[in-house]
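The following exercises concern the architecture, packing and confidence of a two-chain model. Each task is followed by a solution that proceeds step by step.

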Amino acid sequence: MLRQGSAHSKASDAAFTSSARLADVSQADAVGVDDDALFDSVTPPYVALDVEIPSDVKQIEPIVSLVTEHCRALHLPRRKCSLNIPVALSEALSNAIIRGNHEDPRKHVRLRATVSDRALVFDIVDEGRGFDIADVSHDPTDAESVMAEDGRGVFLMRKLMDRVEQFKGPNNVVRLTLNR
Amino acid sequence: MSFTLKKIGDAVVVDVEGQLIVGNRQELKQKVLDELEKGERKFLIDFAQTGYIDSSGLGVLVSLSKKIREHGGELRLADLNDDLQTLFELTKLDTLFQIAETRERALEGF
């Protein structure tokens, strides 16, 4: 597991561990290896971030902040760094911590960000069985749903990312792809 | 991330500094509900200093709006930046809330 380099802030240091408790995300690699957005690059894709955080929702904000710092350094369009990535990533991490790991302090969530010429790919890995994203089909903007207090997370991920995928194996992997 | 409450005229104005997300939404909810319990009925949440809001943050705004209305009060929002405005439009929550461009506009006629 790679550690974040010079850009990471003091505030986010606490979010980093060197643990390798989670299985490698190779299960996702195996499925997504022909992913054009990631691998059809002039220069090879590289892992910009690979961290593991405890199952505590308080850890989401510092790690998302770290990722958005990276995005700005990549000169992505402003809105992708200030809206698309932070909101979609918060949703995925929140799902992994709450619904995947049930906020169990003994469990961790791994985030791996891979950058290519064409896209940013985020793999969010939890230790639970997760819930099937494909089963989430309701539209929270329907008249009968807009007053609901929840049910917007997956909708926002889909709206703000170019692709949302899920791979199930020893761990639950949600992959968010955002074209650059 | 912090929430600052102050009374301006008859309204309780809440400044959201930083993010409104799953990790802190309960704090905002409790602070507003405490004021509602004390008898306050007019609330304005100002997002001038806000970064982003996740679905949990949006959910707490919907929840507060309902509870305030149940008590005969009103919740208004102000100062959404372009990103937040987009978020409200995507979720159609812009149709649910009274959203003003500025705090001053929101307080007019409150």
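**Exercise 1. Describe the pairing of S4(A) with S5(A), and then place both strands in their sheet.**

Solution. The structure is a predicted model.

Step 1. Strands S4(A) and S5(A), the latter covering residues 172–179, run antiparallel and are joined by six bridges. One pair can be located by residue: A:Gln166 has A:Val174 in S5(A) as its bridge partner.

Step 2. The sheet of chain A is open and contains five strands, ordered S1-S2-S3-S5-S4 with antiparallel pairing. Its edges are strand S1 (46–54) and strand S4 (163–168), each of which pairs on one side only. From one strand to the next, the twist averages 15°.

Step 3. Helix H4 (residues 60–73) of chain A packs on this sheet and touches S1 and strand S2 (108–115). The direction of H4 makes about 170° with that of S1(A).

**Exercise 2. Set the sheet within chain A as a whole: state the secondary structure, the order of elements and the extent of burial.**

Solution.

Step 1. Chain A has six helices and five strands. Taken from the N terminus, these elements follow the order α-α-α-β-α-α-β-β-α-β-β.

Step 2. Of the 180 residues in chain A, 47% count as buried. Among its contacts with a separation of 6 or more, 72% are between residues 24 or more positions apart.

**Exercise 3. Identify the residues that touch the most other members of the largest nonpolar core, and determine which element gives this core its largest share.**

Solution.

Step 1. The largest nonpolar core comprises 73 residues, and A:Ala88, A:Leu93 and A:Leu176 touch the most other members.

Step 2. Helix H5 (residues 78–100) of chain A provides the largest share of this core, namely 10 residues.

Step 3. The surroundings of A:Leu93 can be listed directly. Leaving aside residues up to four places away in sequence, A:Leu93 touches A:Ile60, A:Ile63, A:Val109, A:Leu111 and A:Ile124.

**Exercise 4. Establish where confidence in chain A is lowest and where it is highest.**

Solution.

Step 1. The mean pLDDT of chain A is 82, and 76% of its residues reach 70 or more.

Step 2. By element, confidence is lowest in helix H1 (residues 10–13), with a mean of 36, and highest in helix H6 (residues 153–160), at 97.

Step 3. Residues 2–21 of chain A have pLDDT below 50, and the model gives this stretch 28 contacts beyond near neighbours in sequence. Residues 27–34 of chain A also stay under 50, with 10 contacts beyond four places in sequence.

Step 4. Low pLDDT means that the predicted coordinates should not be read in detail.

**Exercise 5. Characterise the fold of chain B and explain why chain B is as compact as a globular protein of its length.**

Solution.

Step 1. Chain B contains four helices and six strands, arranged along the sequence as β-β-α-β-β-α-β-α-β-α.

Step 2. The radius of gyration of chain B is 13 Å, close to the 13 Å that the globule rule gives for 110 residues, so chain B is as compact as a globular protein of that length. Along its principal axes, the C-alpha trace of chain B spans about 30 × 30 × 25 Å.

Step 3. In chain B, 44% of the 110 residues count as buried. Residues 24 or more positions apart make up 75% of the chain B contacts with a separation of 6 or more.

Step 4. The mean pLDDT of chain B is 96, and 99% of its residues reach 70 or more.

**Exercise 6. Is strand S1 of chain B largely buried or in the open, and how does S1(B) connect to S2(B)?**

Solution.

Step 1. Strand S1 (residues 2–8) of chain B has seven residues, of which the number buried is zero, so S1(B) lies largely in the open.

Step 2. S1(B) runs antiparallel to strand S2 (residues 11–20) of chain B, and seven bridges join the two. Within this pairing, B:Thr4 stands opposite B:Asp15 in S2(B).

Step 3. The two strands form a hairpin with two residues between them, and B:Gly9 in the turn has a positive phi of about 65°.

**Exercise 7. Determine how many residues each chain brings to the contact between the chains, and which helix gives the most on the side of chain B.**

Solution.

Step 1. The contact takes 22 residues from chain A and 22 residues from chain B.

Step 2. On the side of chain B that touches chain A, helix H2 (55–70) and helix H3 (82–90) of chain B each supply at least two residues. H2(B) gives the most to this side, with six residues.

Step 3. The model scores are ipTM 0.93 and pTM 0.86.

Notes:
Residues are numbered from 1 along each chain as its sequence is written. Chains are lettered from A and ligands numbered from 1 in the order in which they are written. This is a predicted model: local features need pLDDT of at least 70, side-chain atom pairs count only at pLDDT 80 or more; totals for chains, interfaces and linings use all residues. A nonpolar core is a set of buried Ala, Val, Leu, Ile, Met, Phe, Trp, Tyr and Cys residues joined through C-beta atoms within 7 Å. A residue is buried if 20 or more other C-beta atoms lie within 10 Å of its own, exposed if 12 or fewer, and partly exposed in between; C-beta atoms are placed from the backbone. Two residues are in contact if their C-beta atoms, placed from the backbone, lie within 7 Å. Two strands pair if DSSP finds at least two bridges between them. Axes are lines fitted to C-alpha atoms, for helices over the stretch in contact, and angles run from 0 to 180 degrees between N-to-C directions. pLDDT is the predictor's confidence in each residue, from 0 to 100. The radius of gyration is taken over C-alpha atoms; the globule rule is 2.2 Å times the number of residues to the power 0.38.
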